[in-house]
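This briefing covers selected helix packing, one sheet and one residue environment. Please read it alongside the sequence and the coordinates shown here.

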Amino acid sequence: MMAQIKEIVNRINTLKYYLLVFNIALVIFLIIANNVGFLPLKNIGDFLFVAGITFLLALYRPGWSFLFFIGTIALENINLAPEDIGLSIRPYQLLGLVTFLAVGIRHMGGRLNFKLPKFQWTEYILVLFVLGGFLGSLNALNVELAVKHSIIITSFALLYFLVRIFIRNLEDIKKIVPFFLTSSFVVVIYSIWQNWQFMRGGNHFEVMPGRANGTFSESDWLGIFLVFLLSVLYVVAYNFYCKMKLLKLGVKTFMFGYSCFVWFLIILTWVALILTVARSAWLGTVLITFGMLLYLLLKRNAKLFFMFIASILLSVALVYLFNLTNFQLNNRIQSTASGEQEITIACQSEIEIPSPIGDVVELNAYDCKHINLEDIEREMLAGSIIKKIYRKDPNVSIRQEIYVKSFDEIKNNLVFGIGWGNISEILGKDERGAGLNSSNIFLEIWLGSGIFGIISFLILIGYILGRGKLFFFKKIREGKFLRQDSGMDFFYLFVVLSSVAIIIPNLFNAGIMLGFLWVWMGISLIKN
């Protein structure tokens, strides 16, 4: 009997590894196909064929398709749908929606081998959030656009419910972590490769040259994802350390190898995060790292504390050692506090220029121009005089203008908002032709779904963050904080760190339509 049980366990583990390898291969294939122009698919027939095959997989093994959904959650700039359809369908959206549909069909046919979860009060709050978007559409400048975006928000809400169906306890979380981390590893490597290529004059596929954006449409979105990824990695690394210490596992065990992979990924994630040059993400990273280090100090775990410090220092060293960026990172950090940027200019003669200037257009009056660092040598050979001066950070004034206009719209449309996507009709477009958003997730939600949406979102976010803090406050009050951490300790540490990782960067961005945000919300609200 024991031999049969052991054989079953071995088969299950073998299948899990095959699925994991397929997940990695799928992510790599999709990234390459997107870069060489195979995606989006060229006609509706090809798309329906891919969707049909995916649906059959979901119908046959909905658990497998859910794992692949988790594995592709970071592929934000990959579109499967033909341009003729007029909308973008990312791989995780297709996988998530067909899995949701397959679960419904199997449930109605009595072939679902688990019970569906019951609605909790948080799910009703989310329904109110979605409803707020449709109500806001009635008040929109562009009703068609608002309704379209409201349907997209509804699809994200369905992904939340999908997560709630499959993730109900800590054991379920353990099953998806390897799929999330391995696919994230591919995304991180690709992001670093982008800057490696840029610095060496190769094809880099970056939206903004010199700033890695990986599988996201812009660097700031990648930055938010990487901060969230770090919050996961910090907790997983701490969890493995505690387990190995408790069980006295050596270097020849599987867990040691898994732990080494996690630490390697922490280092690479820090490198990629630096290469995004996304200051909002850097701020979020500083806060979650400070929180993790403080937790370790309170736990009197000096060894792990210094391991985290060493990994961060090594990451910074690798950026300079392999010459992965030409951004002046110190200047980038300094400008966050001072509101001024150091820039390089080329002048035709020696002349005094007042510093800081308001805009580079002012340089024309002095027969000077703003140049990139890689142009310095060429300008010097041409006889130009190279100087460094300061200018007022244009991002500060742009954001101030966006916030003022956003607040004005909220004042005028306090209850219903103006519908999802309509703030771009007022703010205009950026230099790439993409519509501007409110640069703040809370403003974006209020504008998109009115007071119903913002109150719903604040309740959900406040509840997630609050339950994590209350868990640790209770342990401290009962004198149990210094005891060996258990599964729920690791879970609530993740809840607190990941909440900060999501909220802080989104104070300067509006990432409500990032898939991993909805996955995080579904996981953070599990009850068991």
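Contact here means that heavy atoms lie within 4.5 Å. The model is predicted. By that criterion, L287, I288, G291, M292 and Y295 in helix α10 meet L493, L497, V500 and A501 in helix α17. The residues of this contact divide into eight nonpolar, one polar and no charged.

**Helix α10 against helix α17**

- Helix α10 spans residues 279-298 and helix α17 spans residues 487-503; their axes come within 9 Å and cross at roughly 155 degrees.
- Because angles over 145 degrees count as roughly antiparallel, α10 is roughly antiparallel to α17.
- The crossing of α10 and α17 is right-handed.

**Helix α17 against helix α18**

- Helix α17 also packs with helix α18, which covers residues 515-524; the two axes come within 11 Å and cross at roughly 150 degrees.
- That angle makes α17 roughly antiparallel to α18.
- In this pair the crossing is left-handed.
- On the α17 side the contact involves F491, F494, V495, S498, S499 and I502, which meet F516, L517, W520, I523 and S524 in α18.
- The residues of the contact of α17 with α18 comprise eight nonpolar, three polar and no charged.

**The three-stranded sheet**

- Three strands form an open sheet in the order β2-β1-β3, with antiparallel pairing.
- Strands β2 (368-371) and β3 (385-392) are the edge strands, each of which pairs on one side only.
- From one strand to the next, the twist averages 45 degrees.
- Strand β1 (residues 340-347) pairs with β2 in the antiparallel sense over four bridges.
- Within the pairing of β1 with β2, C347 stands opposite C368 in β2, and T344 stands opposite I371 in β2.
- On the other side, β1 and β3 run antiparallel and are joined by eight bridges.
- In β3, K387 is the residue that stands opposite I345.
- Strand β1 is mostly covered, with six of its eight residues buried.
- As a general point, side chains in a regular strand alternate between the two faces of the sheet.

**The environment of V163**

- Is V163 buried or exposed? V163 counts as buried because its relative accessibility is 0%, and the cut-off for buried is under 20%.
- V163 lies in helix α6, which runs over residues 143-166.
- Leaving aside residues up to four places away in sequence, V163 touches F66, F69, V519, G522 and I523.
- One of these residues, I523, is also among the α18 residues that meet α17.
- V163 and F416 are 253 residues apart along the chain, and their C-alpha atoms are separated by 29 Å.

**Points to carry forward**

- Helix α17 is roughly antiparallel to α18, and α10 is roughly antiparallel to α17.
- The crossing with α10 is right-handed, whereas the crossing with α18 is left-handed.
- No charged residues belong to the contact of α10 with α17, and none belong to the contact of α17 with α18.
- In the sheet, β1 lies between β2 and β3 in the strand order.

Notes:
Residues numbered from 1 in each chain as written. Predicted model: local features only at pLDDT ≥ 70, side-chain atom pairs only at ≥ 80, totals over all residues. Heavy atoms only, no water. Axes fitted to C-alpha atoms, helices over the stretch in contact; angles between N-to-C directions. Helix = DSSP H or I, 4+ residues; strand = E, 2+ residues; numbered from the N terminus. Parallel < 35°, antiparallel > 145°, perpendicular 65-115°, else oblique. Left-handed = near helix turned anticlockwise from the far one by under 90°. Nonpolar A, V, L, I, M, F, W, Y, C, P; charged D, E, K, R; others polar. Pairing = 2+ DSSP bridges. Buried < 20%, exposed > 50% of the residue type's maximum accessible area, 1.4 Å probe, protein only.
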